[in-house]
Amino acid sequence: MTVSGEVFTSEEQKKLQKAGSAKIARLRLAQRIVMMVLGATMMSVALEIFLVPNELIDGGITGISIMLSHIFHIPLGILLTLLNLPFLIIGYKQIGKTFALSTLFAVVIMSIGTQLLHPVHPITVEPLLAAVFGGVILGVGVGLVVRYGGSLDGTEIVAILVAKKLPFSVGEVVMFFNFFILSGAGFVFGWNNAMFSLIAYYIAFKMIDITLEGLDQSKSVWIISDKFRDIGEALTERLGRGVTYLDGEGGFSGDNKKVIFVVITRLEEAKLKSIVEDWDSDAFIAIGNIHDVKGGRFKKKSIH
């Protein structure tokens, strides 16, 4: 009886764990859907309330759709869906089903949003204001969709595939495409509007980075100093950061060196340099950006 009771308890625990995992998965899926809808809606607002009424464009398929809509008087939402479909099919076969379906979902929401918002009057008819605020809203919207596993433009899918075969990064391929697309805006809408479109594109590009990485962007820091122990203890005490001591060897001298590794936020960078300077003004410091940090003891703490 005792054995059967233990088996029953174990099975119950497994059922509870599965139920808990399923609940977490449903919550994550719900969060993903909500954030992608929000991101696609924000892009619709940026296009129909700011950019399109002022004859400004974005890069990629969106920019091509805006120009074709202006020339042939076809609803923007229809063009956004039709022009992205071939790239979604390619993405489904080459990149993955989840990514392709997420992108299709976001594109459809964006297309519906542009249709619904088309009759709404623009907030401003000043091109510079439209470029700035449209770029900010567009960038945050695209960033949210990308952060939760999708995309809003087929050229990104092409860039991913091209970058695998050519010695260029995805960003460089996208910039190459957009150079010609934004140049085309000069012939369709005039060169003044093309330059304002370039401002909107640049702002959107920066806002995508901020949305993906956050305002408190994480940074990895390597410090080489003979006073590594003092510096490490000071970083732990004054920044509240856990540090890791790594073994290194000087390439020229062959001497054994201790390397301090620590992860901080962008806002803590100046304080870290000050702490290191207090202990060793000749210390070697290398700082790099990190896209994401998980686990460990990395939490925000007060600086003192």
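How many of the 304 residues in this protein chain count as buried? The answer is 38% of them. Before I go on, please keep in mind that this is a predicted model.

Okay, the overall layout. The chain has 10 helices and four strands. If you walk along the sequence, you go through eight helices in a row and then hit the mixed part: the order is α-α-α-α-α-α-α-α-β-α-β-β-α-β. As for contacts, take those between residues at least 6 apart in sequence: 76% of them join residues at least 24 apart. The accessible surface is about 17500 Å², and carbon and sulfur atoms account for 64% of that.

Let's stay on the surface for a moment. There's a nonpolar patch of about 1100 Å², and its members include Ile 71, Phe 72, Leu 85, Tyr 92, Leu 104 and Ile 112. Which elements give two or more residues to it? Those are α2 (60-72), α3 (76-94) and α4 (97-117). Helix α4 gives the most, with five residues. One residue you can look for is Ile 112, which sits in α4. Its relative accessible area is 44%, so Ile 112 counts as partly exposed.

Next, the largest pocket. It holds about 550 Å³ of space. It's lined by 26 residues, and the ones closest to its centre are Val 142, Glu 156, Val 174, Phe 205 and Ile 208. Four helices each supply at least two lining residues: α5 (127-147), α6 (154-165), α7 (170-189) and α8 (191-213). The top contributor is α8, with six.

Now the charged pairs. The count comes to six salt bridges, and I'll show you three.

Start with Asp 226 and Lys 257, whose side chains meet at 3.8 Å, N to O. Where do these two sit? Asp 226 is in the loop between β1 (218-224) and α9 (228-239), while Lys 257 is in strand β3 (residues 256-265), so the bridge ties together parts of the chain 31 residues apart in sequence. Asp 226 is exposed at 66% relative accessibility, whereas Lys 257 is partly exposed at 31%.

The second pair is Asp 278 with Arg 238, at 3.7 Å, N to O. This one runs from helix α10 to helix α9, with Asp 278 in α10 and Arg 238 in α9, 40 residues apart. Asp 278 is exposed, with a relative accessible area of 54%, and Arg 238 is partly exposed at 22%.

The third pair is Glu 269 and Lys 273, with their closest N and O atoms 3.2 Å apart. Both are in helix α10, and because they are four residues apart there, about one helical turn separates them. So is Glu 269 buried or exposed? It's buried: its relative accessible area is 18%, and the cut-off is under 20%. Its partner Lys 273 is partly exposed, at 40%.

Let me stick with Glu 269, which lies in α10 (residues 269-279). What does it touch, leaving aside neighbours within four places in sequence? Its contacts are Lys 219, Ile 264 and Ile 287. Lys 219 turns up again here: together with Glu 269 and Lys 273, it is linked in a network of salt bridges.

To recap the stops on this tour: a nonpolar patch where α4 gives the most residues, a largest pocket where α8 gives the most lining, and a salt-bridge network that includes the buried Glu 269. Happy to rotate the model if anyone wants another look.

Technical notes. Residues are numbered from 1 along each chain as its sequence is written. This is a predicted model: local features need pLDDT of at least 70, side-chain atom pairs count only at pLDDT 80 or more; totals for chains, interfaces and linings use all residues. Side-chain values use heavy atoms; hydrogens and water are left out. Buried means under 20% relative accessible area, exposed over 50%, partly exposed in between (1.4 Å probe, protein chains only). Contact means heavy atoms within 4.5 Å. Accessible areas come from the Shrake-Rupley method with a 1.4 Å probe; for residues, only the protein chains shown count as cover. Patches are made of residues with over 30% relative accessible area and no salt bridge: like charges are joined within 9 Å, nonpolar side chains (Val, Leu, Ile, Met, Phe, Trp, Tyr) within 5 Å. A salt bridge is a side-chain nitrogen of Lys or Arg within 4 Å of a carboxyl oxygen of Asp or Glu. On a 1 Å grid over the protein atoms alone, a cavity is a set of points where a 1.4 Å probe fits but cannot get out, and a pocket is an open set with protein on both sides within 12 Å along at least five of seven lines; lining residues have an atom within 4 Å of a point. Grid points are joined across faces, edges and corners, and a volume is the space filled by probe spheres set on the points.
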